[in-house]
Amino acid sequence: MTVDACTLTLLYVVQHSDDLMRTLRAVSDSSNVAFVTPEATVFEAMLGGWESQQRSRGLRSTTIATRRRLILRLQEFSGRMPWEWNAQDVEEFISGPDQRLKSLSTMRHNHNAIKTFCAYLIDPNYDWVEICENQFGNHPVQVCLPWNTVAHKAQYEGSGKRRPLTFDEVETLFDTADAKVEELASSGKKGALAALRDSQIFKTAYAFGLRRNELAKLDLSDLHYNPEAKQWGRYAALHVRWGKAAGGGAPRRRTVLLVPEFDWWVPGMRQWVEQGRDRFDPGELDAIWVTERRTRISGGYLDRRFAELRAEAGLPEELTLHSLRHSYVTHLIEHGYADRFVQEQVGHQHSSTTSIYTSVSGDFKNRILAQALRKITEDEGQE
């Protein structure tokens, strides 16, 4: 038996402890695979079984692969196999140089991945405890406990350094983007059409509060009508099909309505969709944002192009593409929209997440204060 064949056999019989034990003994006694240890083989079989379990739950392949790499790093860091792990191994790993600079939410996600793996190993529906006790005289335990893991006390754990753009900054950004289009078009230089596309991309990110991936994966079929806003036709709403997933599951969907304060977005979008896009000859590609090579625009390109546009506009480097989403939430609140409406528009599960995104401007606060003072003065005058 070759090493690869042995491994495949072990993965196949991962749920059959008797067969697995016999195979492990055969592996140990076979001179052809003497360098394949029972410990390494069982560990690989554990990972394979865990991956199958996650796939059966509908988790994304990227989530599964990320979790697998984390478990492999923990094993390498500790120098121990999962049935030898203890709480201290996790504590030293998470607080080690590889993890120290991670955000609080990333640390919590890492804790959850390790906790989930251990829960799978000790689940009585599987045979790993029995296999490990019979083969190694030890068994896996749960090493992620309430007192050594990051507690999820807040619904939002993102960085507070991100801030929204002010109204003036938004205007400066879009004026710079439009000026670039006019400059290239009037000079006859190549790139005017791409500049028009990029300008509309960033306006769409702001007008609907979209994340980068949501923005990049928009299709023509995602343009929707709204019976309450017939004047905007098919540009009255966007159907977002690639929203941020929860718990490694499928992308969440939502429909984002265009609000009257952002109706300036419609003419530019109509121009791109009905006149500009077809000049790239996209063929059967349904993507709204197509490239000169007839492909969908990438998320990496959006980040790079935003950074270039931000620099051209002379705006602070702390602003990112995601800042447009923060701006959308903040400005909707300033326009007087209800918190619940804003929460539904941006696809937040919890209102506390939306509140973290909100950072109303000083001008808005001053207007509210002035209104309150004026009301007090009027009431006193009537007494």
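## Around R305 and E308

Let's start with R305, which counts as buried because its relative accessibility is 10%, under the 20% cut-off for that class. This comes from a predicted model, so please read the values below in that light.

R305 has a salt-bridge partner in E308, and the closest N and O atoms of the pair are 3.4 Å apart. Both residues belong to helix α12, and because they are three residues apart there, about one helical turn separates them. The two ends of this bridge fall into separate accessibility classes: E308, with a relative accessible area of 44%, is partly exposed, whereas R305 is buried.

## A bridge within helix α14

Another pair to look at is E344 and R340, whose closest N and O atoms lie 2.8 Å apart. They sit four residues apart in helix α14, which spans residues 339-346, and that spacing is about one turn of the helix.

How accessible is each partner, exposed or partly exposed? E344 is partly exposed, as its relative accessible area is 44%. R340 counts as exposed because its relative accessibility is 52%, and the cut-off for that class is over 50%.

Returning to R305 and E308, salt bridges with shared partners join these two residues with R197, D198, E292 and E312 into one network.

## The count, and a bridge between loop residues

How many salt bridges are there in the model? The count comes to 19. One of them pairs D281 with R294, with 2.8 Å between the closest N and O atoms. This pair links distant parts of the chain, with the two positions 13 residues apart in numbering: D281 and R294 are each in the loop between α11 (265-276) and α12 (299-313). D281 counts as partly exposed, because its relative accessibility is 40%.

## Helices α3 and α7

Now for a pair of helices. The axes of α3 (residues 38-56) and α7 (residues 128-136) come within 12 Å of each other, and their crossing angle is roughly 175°. That angle makes α3 roughly antiparallel to α7, since angles over 145 degrees are classed that way.

Which residues make the contact? From α3 come P38, E39, V42, A45 and M46, while α7 supplies W128, C132, Q135 and F136. Sorted by class, this contact has seven nonpolar residues, one polar and one charged. The charged one is E39 of α3, and the polar one is Q135 of α7.

Technical notes:
Residues are numbered from 1 along each chain as its sequence is written. This is a predicted model: local features need pLDDT of at least 70, side-chain atom pairs count only at pLDDT 80 or more; totals for chains, interfaces and linings use all residues. Side-chain values use heavy atoms; hydrogens and water are left out. Axes are lines fitted to C-alpha atoms, for helices over the stretch in contact, and angles run from 0 to 180 degrees between N-to-C directions. Angles under 35 degrees count as roughly parallel, over 145 as roughly antiparallel, 65 to 115 as roughly perpendicular and the rest as oblique. Contact means heavy atoms within 4.5 Å. A salt bridge is a side-chain nitrogen of Lys or Arg within 4 Å of a carboxyl oxygen of Asp or Glu. Buried means under 20% relative accessible area, exposed over 50%, partly exposed in between (1.4 Å probe, protein chains only).
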